[in-house]
Amino acid sequence: MTIQTLLKEIARGKDGARSLNGEQAQELMAAVLDGRASVAQRAGFAIAMRVKGETAAELAGFLRAAQPHLLPLPNAPCPPCPIWLPSYNGARRLPNLTPLLALLLAQQGVPVLVHGVTEDPVRTTSAAVFQALGLAMTHSAADLAQAWARNEPAFMPLRSLCPPLAEFLTLRQELGVRNSGHTVAKLLHAPDTPALRVVNHTHPEFAASLAELLQATQAHAMLMRGTEGEPVADARRTPRMDVYLHGVLDTQHSVPAQGGSLHALPGLPGLIDAASTAAYTRQVASGALPLPAPLQQQLDALIGARRALLAASRN
């Protein structure tokens with residue numbers, strides 16, 4: 001089908017639009033990422049999907065189209081089964097604790113890849129906090145392997161990890177709204193390298209379609225509502241964290257949402273800039289300050305799920 005025909009299916013408004021099947025979605029996203037779609041077609045695609053919303057089948061197709069553009073990663077990371085943390089939102093009102101989660105995982109010997117944007121005019125990105133922590137940015141498979149060999153978490157810009165997808169995301173600057181590329185970026189993983197992903201959403205209605213996607217693709221992932229869109233538990237109250245292994249909900253490592261009233265709040269820094277967040281991150285990572293309970297639960301769940309995957313791979 002032509003790009004125009006596919007766009008016509010999805011661009012009929014909220015009530016008139018028809019969803020694409022997986023193959024059609026892959027074809028359309030491939031045209032966008034391969035450079036075969038014009039500027040007008042890319043913008044039309046972005047707005048149409050923003051209005052219509054993505055189905056699980058469409059997301060699976062979009063993801064398949066993006067994966068051939070991924071930077072080849074180390075073939076045999078040691079230890080294996082890295083954890084991927086997609087960081088595309090940053091901090092607006094609360095400190096961005098994605099780097100803290102990454103650092104704590106790395107302290108346990110877990111290879112961690114944080115990927116995302118490097119700059120945001122109004123939010124504190126994980127990239128900025130990594131820089132304030134003195135952790136070098138990675139741009140290649142060799143950089144990534146060296147960071148993991150040092151037992152450090154790695155941050156890789158999306159422009160290095162998947163350049164055409166990063167280019168698609170820049171449409172937000174011109175259109176003023178996010179597009180399907182942002183959701184795809186949060187779902188990225190290397191298909192030939194077993195990994196555990198944190199897949200986070202900002203709106204509850206996305207949870208069902210993402211759960212369907214993880215089940216259909218037999219994914220290894222933790223599905224949760226992120227903190228301001230970041231893949232880290234809210235330090236004030238534990239969110240629901242559903243762990244999927246081979247696409248099946250794993251109740252042993254999943255974490256229920258915290259109920260009831262909050263009786264105490266963690267001692268978070270009052271400022272959310274990169275320097276203040278990095279200082280807090282160092283204090284918690286060194287044990288000088290306590291780790292908020294929700295992050296401890298997320299950390300334990302991810303480490304437990306990863307151990308289960310490694311044990312299954314040896315059997």
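**Exercise 1. Decide whether Q41 is buried or exposed, and place it in the fold.**

*Solution.* Let's start with the accessibility: Q41 has a relative accessibility of 15%, and the cut-off for buried is under 20%, so Q41 counts as buried. Keep in mind as you work that this is a predicted model. Next, find the element: Q41 sits in helix α4, which covers residues 39–52. Finally, look for its partners. Once neighbours within four places in sequence are set aside, Q41 is in contact with I3, Q4, L7 and R36.

**Exercise 2. Work out how helix α5 and helix α13 are arranged relative to each other.**

*Solution.* First, pick out the two helices: α5 spans residues 56–66 and α13 spans residues 206–216. Their axes lie 8 Å apart and make an angle of about 55°. Now classify that angle. Roughly parallel needs an angle under 35 degrees, and roughly perpendicular runs from 65 to 115. An angle of about 55° fits neither class, so α5 and α13 are oblique to each other. As for handedness, the crossing of α5 past α13 is right-handed.

**Exercise 3. Find which residues form the contact of α5 with α13, and sort them by character.**

*Solution.* On the α5 side, take A56, L59 and A60; on the α13 side, they meet S209, L210, E212 and L213. Sorting these residues gives 5 nonpolar, 1 polar and 1 charged. A helpful reminder for reading such a pattern: an α-helix has 3.6 residues a turn, so residues three or four places apart point the same way.

**Exercise 4. List the buried residues of α13 and say what they pack against.**

*Solution.* Begin with the list: S209, L210, A211, L213 and L214 are the buried residues of α13. Then trace their surroundings. Among helices, they pack against α5 and α12 (180–187). They also pack against the strands β4 (196–201), β5 (221–225) and β6 (241–245). To finish, step past the end of the helix: α13 is followed by Q218, which has a positive phi, near 55°.

**Exercise 5. Judge how compact the chain is for its length.**

*Solution.* Count the elements to get your bearings: the chain has 15 helices and 7 strands. Its radius of gyration is 19 Å, close to the 20 Å that the globule rule gives for 315 residues, so the chain is as compact as a globular protein of that length. Along the principal axes, the C-alpha atoms fill a box of roughly 60 × 45 × 40 Å. Now add burial: 55% of the 315 residues are buried. Last, consider contacts between residues at least 6 apart in sequence: 70% of them join residues at least 24 apart.

Notes: Residues numbered from 1 in each chain as written. Predicted model: local features only at pLDDT ≥ 70, side-chain atom pairs only at ≥ 80, totals over all residues. Heavy atoms only, no water. Axes fitted to C-alpha atoms, helices over the stretch in contact; angles between N-to-C directions. Helix = DSSP H or I, 4+ residues; strand = E, 2+ residues; numbered from the N terminus. Parallel < 35°, antiparallel > 145°, perpendicular 65-115°, else oblique. Left-handed = near helix turned anticlockwise from the far one by under 90°. Contact = heavy atoms within 4.5 Å. Nonpolar A, V, L, I, M, F, W, Y, C, P; charged D, E, K, R; others polar. Rg over C-alpha atoms; globule rule 2.2 N^0.38 Å. Buried < 20%, exposed > 50% of the residue type's maximum accessible area, 1.4 Å probe, protein only.
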